[in-house]
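Welcome! Take a moment to look over the sequence and the 3D structure below, and then let us walk through them together.

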Amino acid sequence: MSNKIGIVGCAGRMGRMLTEVIGRTENCTVSGGTELPGSPDLNKDLGELAGIGSLGVKVGDNPKTLFSSCDVVIDFSVPTATLNHAKLAAETGCSLVVGTTGMTNEQVAELETAGSKTSIVFARNMSLGVNLLMSIVEQVAASLDEDYDIEVVEMHHRYKIDSPSGTALALGEAAASGRGVDLDKVADKVRDGIIGARKRGDIGFATLRGGDVVGDHSVIFAADGERIELGHKATNREVFARGAVKAANWLEGKPNGFYDMRDVLGLK
Ligand SMILES: NC(=O)C1=CN([C@@H]2O[C@H](COP(=O)(O)OP(=O)(O)OC[C@H]3O[C@@H](n4cnc5c(N)ncnc54)[C@H](OP(=O)(O)O)[C@@H]3O)[C@@H](O)[C@H]2O)C=CC1
Ligand SMILES: O=C(O)C1=N[C@H](C(=O)O)C[C@H](O)C1
């Protein structure tokens, strides 16, 4: 039986890529997609938007209709929209895959609450490579003491609206967890002017924006006399879309709950 997948933000960069990947994945169909009311892309064919030819499925603006007619919805949009969609998922019992970044801790907690009424996968990066990197960063951080200053550096395209990236924060959390500290207590995200010497134990973040960079991340462990640099570069969005579709298929028949990509990839 085919998994009926809906796409929120189907005309966005990730939305179009998802249509393309679902379109060529066995046992999956694109069964609907939404954009905001007033969007110039309403009523366009999702396949035409993705450049794969007509699928006979039009862009709508009614999320309730989408959630009522799909087995699973994939959402790469903005935090406020994602939270509304999580409520709809809980009401309708439709599963949900969320890739949206820029959420506060409180917003993530709300998303997690919806996971008691349906099954949700939330991951700030859906690529296999980044999820492996998170495990490696945690291990390295656990092996080194605070003589090794940890810095997370990321670069993305000029259109990205949140900073630091969700992946950078997740990598920071992995490093903090390896070190046995709370990231919120040691994160240093803004440096400007005469700010004094680096505080021992801090985890620093640096954000670069420009051009069409899909997503570069590195975690640097810098000590006196040496440094370790662990990194990942995404060269296209397909890696994220493939991960999201894998998550959508993995959710089939799963009990209600709040899962992440490491559950999907069997990395736990
Ligand atoms: N987890 C992961 O692996 C990845 C996560 N991301 C994250 O995904 C998100 C989207 O990224 P990207 O595709 O580049 O962004 P885009 O801006 O290209 O796409 C987002 C789309 O969602 C639409 N949208 C906003 N609100 C709603 C709503 N209420 N209902 C339906 N559609 C809505 C936007 O419309 P409009 O333009 O009209 O506002 C836009 O078309 C970001 O948070 C990004 O960081 C991205 C790549 C990978
Ligand atoms: O906005 C993007 O493009 C991306 N966002 C995610 C993030 O914030 O980490 C994942 C990926 O790096 C691309």
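A good place to begin is the largest pocket, because ligand 2 takes up the space there, and a molecule counts as sitting in a pocket if more than half of its atoms lie within 2 Å of the pocket's grid points. Please keep in mind from the start that this is a predicted model.

Who are the neighbours of ligand 2? There are 13 residues around ligand 2, and those that come nearest are His156, His157, Lys160, Gly166 and Thr167. Sorted by class, this shell holds eight polar residues, three charged ones and two nonpolar ones.

Let us now look at some individual contacts. Start with threonine 167, where an N or O atom of the side chain is 2.5 Å from an oxygen atom of ligand 2. At histidine 156, an N or O atom in the side chain is 2.6 Å from an oxygen atom of ligand 2. Lysine 160 joins in as well, with a polar side-chain atom 2.7 Å from an oxygen atom of the ligand. And how much of ligand 2 does the protein bury? On its own the ligand exposes 330 Å², and the protein buries 85% of that.

While you are in this part of the chain, follow the backbone to proline 164. This residue is placed in the loop between strand 7 (149-156) and helix 7 (166-179). The peptide bond that joins serine 163 and proline 164 is cis, with omega at about -10°.

Now let us turn to the other ligand. Ligand 1 also sits in the largest pocket. Its surroundings are made up of 23 residues, and the closest are Arg13, Glu35, Thr101, Met126 and Lys160. You may recognise Lys160, which is also listed among the residues nearest to ligand 2. The shell around ligand 1 divides into nine nonpolar, nine polar and five charged residues. Which helices contribute to this shell? Helix 1 (13-23) and helix 4 (79-92) each supply at least two of its residues.

The contacts of ligand 1 involve both backbone and side-chain atoms. A polar backbone atom of arginine 13 is 2.8 Å from an oxygen atom of the ligand, and a polar backbone atom of glycine 12 is 3.5 Å from an oxygen atom of the ligand. Glutamate 35 takes part through its side chain, where a polar atom lies 2.8 Å from an oxygen atom of ligand 1. Taken alone, ligand 1 has 920 Å² of accessible area, and the protein covers 76% of it.

One backbone detail deserves a look here too. Asparagine 27 is found in the loop between helix 1 and strand 2 (28-34). Its phi is near 65°, a positive value in a residue other than glycine.

Finally, step back to view the chain by its annotated domains. An unreviewed UniProt entry places "Dihydrodipicolinate reductase N-terminal" at residues 4-126. That span is 38% helix and 21% strand, and its end C-alpha atoms lie 20 Å apart. From UniProt, again as an unreviewed entry, comes "Dihydrodipicolinate reductase C-terminal" at residues 129-265. Here the span is 36% helix and 28% strand, with its end C-alpha atoms 11 Å apart.

Methods. Residues numbered from 1 in each chain as written. Chains lettered and ligands numbered in written order. Predicted model: local features only at pLDDT ≥ 70, side-chain atom pairs only at ≥ 80, totals over all residues. Heavy atoms only, no water. Near = heavy atom within 4 Å. Polar contact = N/O pair within 3.5 Å; in protein donor to acceptor, adjacent residues only side chain to side chain. Areas by Shrake-Rupley, 256 points an atom, 1.4 Å probe, with all protein chains shown as cover. 1 Å grid on protein atoms, 1.4 Å probe; cavity = no way out; pocket = protein on both sides within 12 Å on 5 of 7 lines; lining within 4 Å. Helix = DSSP H or I, 4+ residues; strand = E, 2+ residues; numbered from the N terminus. Nonpolar A, V, L, I, M, F, W, Y, C, P; charged D, E, K, R; others polar. UniProt positions renumbered as here; feature names shortened; annotations may be inferred.
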